[in-house]
Structures are given as C-alpha cells and as structure tokens.
Amino acid sequence: MRLIYSVFAALLLSVVSATAGSSYLALSLGTSFENHDFDVWNGPATPGRRALTASARSSDYAVAFGARDAFHIGKRVYDLEFEVFERQNSHFTATGAAGDHPTAIRTTSILLSAWTPVTKGNKWTLKAGVGVGARNSVYRMSGPGISFTTTDRAPYAMVGLRLAKQAGAHTRIFTEIRAHTRPPIHSSGGPMQGPLEHDSKGITLRMGLQITLGK
C-alpha cells in the first residue's frame with residue numbers, strides 16, 4: 001500500500017511541478033449509498049462459509065491535489081487529480097440465511113483521476129471524470145458464532161460528473177456525483193485463507209472547494 005501511495009504521489013507532483021500556477025488544492029465532504037456483498041467464513045466450529053448482503057449509507061471527507069489542463073488527447077484538455085479520502089460507514093446490519101450480522105467498515109482510499117469539460121456556461125463548468133486507485137478497509141463484524149476485526153485491500157474505480165463555479169479570484173465551489181465500484185477479491189485455498197471476501201458498489205454525492213495554488 002505504501003508503494004502505491006508513493007507512486008501516485010510522485011506522478012502528481014511531477015505534473016503539478018510542470019504546471020506551476022494552474023494547480024489547486026480541493027477539500028470536500030461526501031455521502032455514499034452502497035450495496036455490499038459478503039462471503040464470510042463460518043468459524044472454527046462450523047465448516048463452510050455464509051453469504052450476506054447489506055445496503056448502507058456512509059460519509060467521507062477528502063483532500064485532493066490537481067493540475068488544470070495537465071494534458072491533451074487530440075483537441076480535448078484534461079485536468080489531473082490525486083485524491084486521498086476517508087470513508088466511515090455508519091454501523092449497519094448485514095443479513096443472510098445465517099441471521100443478522102452487525103457490521104462497520106472504515107475505508108481509506110487513494111484515487112488518480114482525469115477530468116475534462118463537457119459544457120461551459122458563463123458561471124459554471126460541467127466536467128466528466130474517470131479514475132482508478134486502491135482501497136484499504138477495516139471491518140468489524142459479529143453474528144451467530146463469529147466476531148472478528150480484519151483488513152482488506154482492493155482496487156477501486158469511479159466515473160463522475162462535476163459542476164464547478166468560480167467563487168473568487170482563487171477559489172471555486174463544486175458539487176459532483178460519482179458511481180464507484182470495488183471489485184471482489186476471491187481468496188485461494190481453504191476457509192482459513194481469510195475471514196471474509198467483500199464486493200461493493202454505489203453512488204457518492206459530494207460538495208467541496210477548490211483553492212488555486214501559485215499565481
């Protein structure tokens with residue numbers, strides 16, 4: 001995970017250095033609505049695994065560094081952005097044939113994304129974006145015959161739309177919607193390979209402020 005952070009940070013710093021005066025810092029808050037699928041080990045007393053599902057709402061806060069007009073593909077210009085965000089799931093209950101399982105998930109994610117203008121008005125600019133990254137999650141789950149805390153790492157991807165308005169000489173306010181997914185990780189070997197496997201996808205609504213750095 002540290003290596004991924006280092007590589008992503010180095011990529012962004014190189015772009016920001018090459019585009020001095022057009023870089024920015026962004027701070028934002030978001031709310032996510034997610035569907036979760038779990039494959040959980042039954043525990044040492046009972047062989048096999050149990051399937052659970054849940055729908056949950058979570059909140060997140062994010063810090064991003066970006067470079068406007070960082071590169072072109074044909075005639076289309078793209079902003080490049082590196083983001084770190086923390087997502088805290090409110091406690092929810094995953095359910096299945098094995099019963100109810102109180103669950104909580106806390107996730108730290110890194111994301112490298114590119115954004116390009118879709119349409120522009122006098123005051124607003126609408127941009128479309130796509131990004132890839134990685135997530136590190138901490139799970140706490142209990143239920144009939146089980147109680148554990150574990151961690152999980154997985155790839156992460158999103159597509160989104162962002163509407164931004166100039167609010168001052170060096171500031172912009174923005175709101176956005178994202179569709180995101182974290183593909184499932186299927187462990188190999190026996191049931192002791194890991195206490196759970198997890199797949200999630202959902203929609204995030206976010207609002208924030210961009211602060212232009214440099215000139």
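Biologist: Which residues line the largest cavity?

Modeller: Tyr24, Arg68, Asp79, Thr125, Lys127, Arg162, Ala164, Arg172 and Gln210 line it. Strand 6 (124-143) and strand 7 (146-166) are the elements that give two or more residues to this lining. This is a predicted model, in which local features need pLDDT of at least 70, side-chain atom pairs count only at pLDDT 80 or more, and totals for chains, interfaces and linings use all residues. Residues are numbered from 1 along each chain as its sequence is written, and side-chain values use heavy atoms, without hydrogens and water.

Biologist: Why is the space with a volume of about 60 Å³ called a cavity?

Modeller: On a 1 Å grid over the protein atoms alone, a cavity is a set of points where a 1.4 Å probe fits but cannot get out, and lining residues have an atom within 4 Å of a point. The largest such space has a volume of about 60 Å³, where volume is the space filled by probe spheres set on points joined across faces, edges and corners.

Biologist: How many cavities of 30 Å³ or more does this rule give?

Modeller: The count is 2. The second largest holds about 40 Å³. Ala26, Leu27, Phe174 and Arg206 are among the residues of its lining. Strand 1 (23-41), strand 3 (76-89) and strand 8 (171-182) each give two or more residues to it. Arg162 is listed for this lining and also for that of the largest cavity.

Biologist: What makes a lining residue charged, polar or nonpolar?

Modeller: Asp, Glu, Lys and Arg count as charged; Ala, Val, Leu, Ile, Met, Phe, Trp, Tyr, Cys and Pro as nonpolar; the others, Gly among them, as polar. The largest cavity then has 5 charged, 2 polar and 2 nonpolar residues. For the second largest, the split is 6 charged, 1 polar and 4 nonpolar.

Biologist: What makes the largest pocket a pocket, and what is its volume?

Modeller: A pocket is an open set of points with protein on both sides within 12 Å along at least five of seven lines. Its volume is about 220 Å³. Of the 16 lining residues, Lys120, Thr125, Lys127, Gln166 and Arg172 lie nearest the centre. The 16 divide into 8 charged, 4 polar and 4 nonpolar. Strand 2 (49-73) and strand 5 (99-120) are among the elements that supply at least two of them.

Biologist: Why is Asp69 called partly exposed?

Modeller: Buried means under 20% relative accessible area and exposed over 50%, with partly exposed in between (1.4 Å probe, protein chains only). Asp69 has 47% relative accessibility, so it counts as partly exposed. Asp69 sits in strand 2. Its phi is positive, about 55°, although Asp69 is not a glycine. Most residues other than glycine have a negative phi.

Biologist: What is the make-up of the whole chain?

Modeller: It has 1 helix and 9 strands (DSSP runs: H or I of at least four residues, E of at least two, numbered from the N terminus). Of its 215 residues, 43% are buried.

Biologist: How do you know which element has the lowest mean confidence?

Modeller: By pLDDT, the predictor's confidence in each residue, from 0 to 100. Helix 1 (residues 2-18) has the lowest mean, 49, and strand 4 (residues 92-96) the highest, 95. Over residues 1-5, pLDDT stays under 50. The chain mean is 85, and 85% of residues reach 70 or more.

Definitions and conventions: Contact means heavy atoms within 4.5 Å.
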